[in-house]
Amino acid sequence: MLVAGLGNEYRSDDGAGPAVAAYVSQRMSKVVSKVISEPLDLIGAWDDVDLAVIVDATRSGSQPGTVQIVDLGGAEDVGALGGPTSSHGMDLPRVLRLARAMGHPPRRVVVVGIEGENFVDGVGLSPAVELAVTEAGDLVLQVIDEANSCA
Amino acid sequence: MTHQRPADSRTVHVEGLARVEGEGSLLVEVRDGMVETVELEIFEPPRFFEAFLQGRRHTEPPDITARICGICPVAYQTSSCLAIEDACGVSVTDQITALRRLLYCGEWIQSHALHIHFLHAPDFFGCQDAVELAGLDLAAVQRGLEIKKVGNHLMEAVGGRAVHPVNVRVGGFYRAPSREELGALVEPLRRALDASLASAQWVAGFEFPEIEIEYQFVSLRHPDYYPIESGRIVSSGGLDVDAKGISDLVVEDHVARSNALHARLGGKDMYLTGPLSRYALNYGQLSPLARETAVAAGLGEVCNNPFKSITVRAVELVYACEEALRIIEAYEPPDPPAVAVPGRAGIGHGASEAPRGLLFHSYELDSDGLILSARIVPPTSQNLLCMEDDLRRVAQANLSMPDEELGWLCEQTVRNYDPCISCATHFLDVTVDRR
């Protein structure tokens, strides 16, 4: 099981994923919780795991701080996830497809997104995003609990 | 994405330059069959960091500037450490320098493996991305990933983390890894070296567009080694200066269309930094195996074809693996792992070779060691004018191509530079406008 916070905390709300990863890590030490700046580094980290929860900032046009969850299951179709939203070298959908092409995808992928407001260079989350870190973190913990209870 | 307009006013509009780090835009205007204008639109985060650093303590730049880029944080850390140590009149020990070079090898291995296999090679197969390439040549993609992982492990062992290392400080490191910790990397590095040799052979077989450009090459030169973490700055035009010299010589002009500054030597000459420059100016400093690899790949002692930069990177990948093995074999943990660097009033400069080219920093400190001003000049900004010039030549030579094909070639031309767009720009939108 892996929780990966994607993003860069020096790109304002792009730091939402790392903030949630830290929140989860403080409350559930047995889960591997990582901050990953470059999605390609998920390959290797999530190979063949039962569950990978990816937390990232989103730019979908929703209200800033909106928390969304997408359960991709076995990640058979990731086209709807769209393209890159920050300066990550390779975007998450491509990395998911690459993991499948290489034969070691995670068995289940859940993406938790926090709608960002401000992605300019700088530290600190927008107030709405800061508030949403707890909600997103609790959602991640819930997903993990449910997965554990089903195991 | 590509759009077409009528023949008298044709526009190729590529929505996104994929496989570069970030976003940005490019406009190519063609008038009466001649390329009239090439403009790259750039937004430049380092400029924010320069302001952000003002008032910070002299010990903070390695941690702060490392966050400018997830692809080349060691370059930012090293150049900032060198500049601060210069300002404070401190030199580090040979052991600390060797450990810096080892960490930097990790970054070169990571970055070059990523660019060669995942970002650049797909162009030569007509693939949109590495996922498509994996369908054609899975072994090559897997090999690239394995090499990159070894770079990650090296970064973790020396820097504490694979991305944005936390073990670097002004004056050295917080902790020196043990010989045993580094010894565990020997076998993986040997495998990475073998894999890099295979990749060099692989890329040598690609079909390259025929173009030769007489660049003014600029890179570091070290008396003993192929340049990575230190050296003087030299050029194919006879330049030979230290980090202060290059800082004084490079004049950056603001261009209204762009957030980026355009760097010129002496305020007038464009110049090239990066693998082609390092290679041309330091061929003799490569290891015998790296030189053999270059010869086998069909390279001469100078490479003027920007599309063959992927081959030069593969040679440098071989070198970085070998060099990491050499440093580990001779490794003596620095004790203490850092020298003291008391803050003082002064101005300092530092330069190192990021995977994609020369990166130099300058800082002015007050008597308490607080930063009064900072200047960060990343390689992608220095290469902007050459990128535009390459694009002008490539577009002009290939105007007979359909818009979509020409747009693709323009994207590839930019990717030759492995531009670190989070350092120098957001990169999107290639527009070829023909009237």
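This short talk walks through two helix pairs in chain B and then a few single residues in chains A and B.

Before the details, please keep in mind that this is a predicted model, in which local features need pLDDT of at least 70 and side-chain atom pairs count only at pLDDT 80 or more, while totals for chains, interfaces and linings use all residues. Residues are numbered from 1 along each chain as its sequence is written, and chains are lettered from A and ligands numbered from 1 in the order in which they are written.

Let me begin with chain B as a whole, which has 16 helices and 14 strands; helices here are DSSP runs of H or I with at least four residues, strands are runs of E with at least two, and both are numbered from the N terminus. Of its 435 residues, 55% count as buried, where buried means that 20 or more other C-beta atoms lie within 10 Å of a residue's own, exposed means 12 or fewer, and partly exposed is in between, with C-beta atoms placed from the backbone. Among the contacts in chain B with a separation of 6 or more, 74% come from residues 24 or more positions apart, a contact being two C-beta atoms, placed from the backbone, within 7 Å.

Now to the helix pairs. In chain B, the axes of α8(B), residues 186-204, and α12(B), residues 309-329, come within 9 Å and cross at roughly 165°; axes are lines fitted to C-alpha atoms, for helices over the stretch in contact, with angles from 0 to 180 degrees between N-to-C directions. The two helices are therefore roughly antiparallel, a label for angles over 145 degrees, whereas under 35 is roughly parallel, 65 to 115 roughly perpendicular and the rest oblique. The residues of α8(B) that meet α12(B) include L189(B), L193(B) and L197(B), and those on the α12(B) side include V318(B), C321(B) and L325(B). By class, this contact has 17 nonpolar, three polar and two charged residues, with Ala, Val, Leu, Ile, Met, Phe, Trp, Tyr, Cys and Pro taken as nonpolar, Asp, Glu, Lys and Arg as charged, and the others, Gly among them, as polar.

Staying with α12(B), 17 of its 21 residues are buried, so this helix is largely enclosed by the rest of the structure. After α12, in the loop between that helix and β11 (346-354) of chain B, we find P336(B), and the peptide bond from D335(B) to P336(B) is cis, with omega near 5°.

The second pair is α3(B), residues 73-87, and α4(B), residues 94-124, which pack at an angle of about 155° with their axes 9 Å apart. That makes α3(B) roughly antiparallel to α4(B). Here V74(B), A75(B) and T78(B) in α3(B) meet R100(B), L103(B), Y104(B) and E107(B) in α4(B), and by class the contact has four nonpolar, one polar and two charged residues.

Finally, some single residues. Which sign does phi take at D32(B)? The value is positive, near 50°, in a residue other than glycine; D32(B) lies in the loop between β2 (25-31) and β3 (34-41) of chain B and is exposed, with 7 other C-beta atoms within 10 Å. In chain A, D48(A) also has a positive phi, of about 60°, although it is not a glycine, and D48(A) sits in the loop between α2 (42-45) and β3 (52-58), where it counts as exposed with 10 C-beta neighbours inside 10 Å.
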